[in-house]
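Here is a short tour of a two-chain model, written for someone just starting out with structures. Keep the picture open while you read.

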Amino acid sequence: MSPNAAPTFAPGARVRIIDLKKPGHVRTPIYVREKVGTIDHFCGAFENPEERAYGRIGGARIPLYRVRLMQRDLWPDYEGPDKDSLVLEIYDHWLQPA
Amino acid sequence: MNSDHPDHDHHHDHTHDNAHGPHPTREDDDVVLSYGEAKFLALKGMLIEKGVLTADEIRRQHEINDLLTPHQGARMVAKAWVDPAFKARMLKDAKAAAIELGIEVTEAELMAIENTPTCHNIIVCTLCSCYPRSLLGEPPPWYVSKAYRSRAVREPRKVLREFGLSFSDQVEVRVHDSNADLRYVILPMRPQGTDALDEMELADLVSRDCLVGTALPGRNAGS
């Protein structure tokens, strides 16, 4: 974790997980792309796995957040109450304000 | 596939899609090697040949991996149940709390997620099989199965029912996809009627699956 890469989104902020359509070792699963959720927690800043996976170690650290999405927003036919949710980790460059 | 680098487990776990199950990949296996397995063996051979790693170092790491068990996670939970200050530290920084108990943590970041009367949590890694190995050992086969990885996010309540857990609509079921840099462990609720138990007895109630969120303490314990 690096203290100098400050978060750009605050807990509670509404965010859209964008689809960068980037090939390779990306950690943003397809099922959450173009979905809107809420910043749950700032995890710290980490090197970009999209670079690290190809041996480019030691690059800039980017903010990583835990983003909470409601299951109903992920799957329209979700079986379960409206309160059910999912949290996953999304890097800053995959997020836009929503 | 065994974990030669438990701190970066998602880099090699993609090769789980093979016919070998829990057995190590080897050149003279009866089943045809997949592309990933052939690449893994070639890379391993080259690392040894170039002197980057020795066969002995690889063997020793395999042995360390085989020794890791869910007991470390259970020990941590039992400690949290009896020591509120430790629990607070664990929820703030699970890695520091594990190190405090003398656990050798290989993960970069660990996060403990607390179950409450109104929220039950369950962990999955949809992209591969990221797992807190230093606390729980090697993941069970179902955890790395494509069925669990795809269904746990899509129909978690149904998956939980198949594990024997059913929650009312008053309880939120919250899925945690361990898709990037953090590794997760569940802090389950202490069962009723366990006031007389000491820390070691409490740890015995905490099965591996409790720490992933697919079981509750005291039920299916010791699996």
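Let's begin with chain A: among its contacts between residues at least 6 apart in sequence, 62% join residues at least 24 apart. Here, two residues are in contact if their C-beta atoms, placed from the backbone, lie within 7 Å. Before going on, note that this is a predicted model, where local features need pLDDT of at least 70, side-chain atom pairs count only at pLDDT 80 or more, and totals for chains, interfaces and linings use all residues. Residues are numbered from 1 along each chain as its sequence is written, while chains are lettered from A and ligands numbered from 1 in the order in which they are written.

**The two chains**

Chain A has 2 helices and 5 strands, and along the sequence they follow the pattern β-β-α-β-α-β-β. Helices (H or I, at least four residues) and strands (E, at least two) are DSSP runs, numbered from the N terminus. The C-alpha atoms of chain A fill a box of roughly 45 × 30 × 20 Å along the principal axes. Of its 98 residues, 30% count as buried. Buried means that 20 or more other C-beta atoms lie within 10 Å of a residue's own; with 12 or fewer the residue is exposed, and in between it is partly exposed, with C-beta atoms placed from the backbone.

Chain B comes to 11 helices and 4 strands, and 38% of its 223 residues count as buried. In chain B, 63% of the contacts with a separation of 6 or more are between residues 24 or more positions apart. Chain B is divided into domain 1 (6-67) and domain 2 (71-212), with bounds that come from an automatic or database domain assignment. Taken over C-alpha atoms, the centres of these two domains of chain B are separated by 28 Å.

**Two helices of chain B**

Now look at α2 and α3 of chain B. The expected span of a helix is 1.5 Å times one less than its number of residues, and here is how these two work out:

| Helix | Residues | Number of residues | Expected span | End-to-end C-alpha distance |
|---|---|---|---|---|
| α2(B) | 55-67 | 13 residues | 18 Å | 19 Å |
| α3(B) | 71-82 | 12 residues | 16 Å | 17 Å |

How many of the 13 residues of α2(B) are buried? The count is 0, so to speak a bare helix: α2(B) is hardly covered. For α3(B), 9 of the 12 residues are buried, so this helix is largely enclosed by the rest of the structure. Among those buried residues are Gln72(B), Gly73(B), Met76(B) and Trp81(B). What covers them includes α4 (84-92), α5 (94-100) and β4 (182-187) of chain B.

**Where the chains meet**

The contact between the chains takes 19 residues from chain B and 19 residues from chain A. On the side of chain B that touches chain A, α8 (146-154), α9 (156-162) and β3 (172-177) each supply at least two residues. Which of these gives the most? That would be β3(B), with 6 residues. The residues on this side of chain B divide into 6 nonpolar, 4 polar and 9 charged. For this sorting, Ala, Val, Leu, Ile, Met, Phe, Trp, Tyr, Cys and Pro count as nonpolar, Asp, Glu, Lys and Arg as charged, and the others, Gly among them, as polar.

**One sheet from two chains**

Follow β3(B) a little further: 5 of its 6 residues are buried, which makes this strand mostly covered. Strand β4 (residues 85-91) of chain A runs parallel to β3(B), joined to it by 4 bridges. Two strands pair if DSSP finds at least two bridges between them. In β3(B), Leu86(A) has Val175(B) as its bridge partner, and Val87(A) has His176(B). Within chain B, β2(B) and β3(B) are also parallel, joined by 6 bridges, and Cys119(B) has Glu172(B) as its bridge partner there.

Put together, these strands belong to an open sheet of 7 strands with mixed pairing, in the order β5(A)-β1(A)-β2(A)-β3(A)-β4(A)-β3(B)-β2(B). At the edges stand β5 (95-97) of chain A and β2 (119-124) of chain B; each has a single partner strand, so one side of each is left without a neighbour in the sheet. Neighbouring strands of this sheet are turned by 35° against each other on average, direction ignored.

In the chain A part, β1 (residues 14-17) and β2 (residues 36-47) run antiparallel, with 3 bridges between them. Arg14(A) stands opposite Thr38(A) in β2(A).

Finally, α8(B) lies across β4 of chain A together with β2 and β3 of chain B, running at about 150° to β2(B). For such angles, axes are lines fitted to C-alpha atoms, for helices over the stretch in contact, and the values run from 0 to 180 degrees between N-to-C directions.
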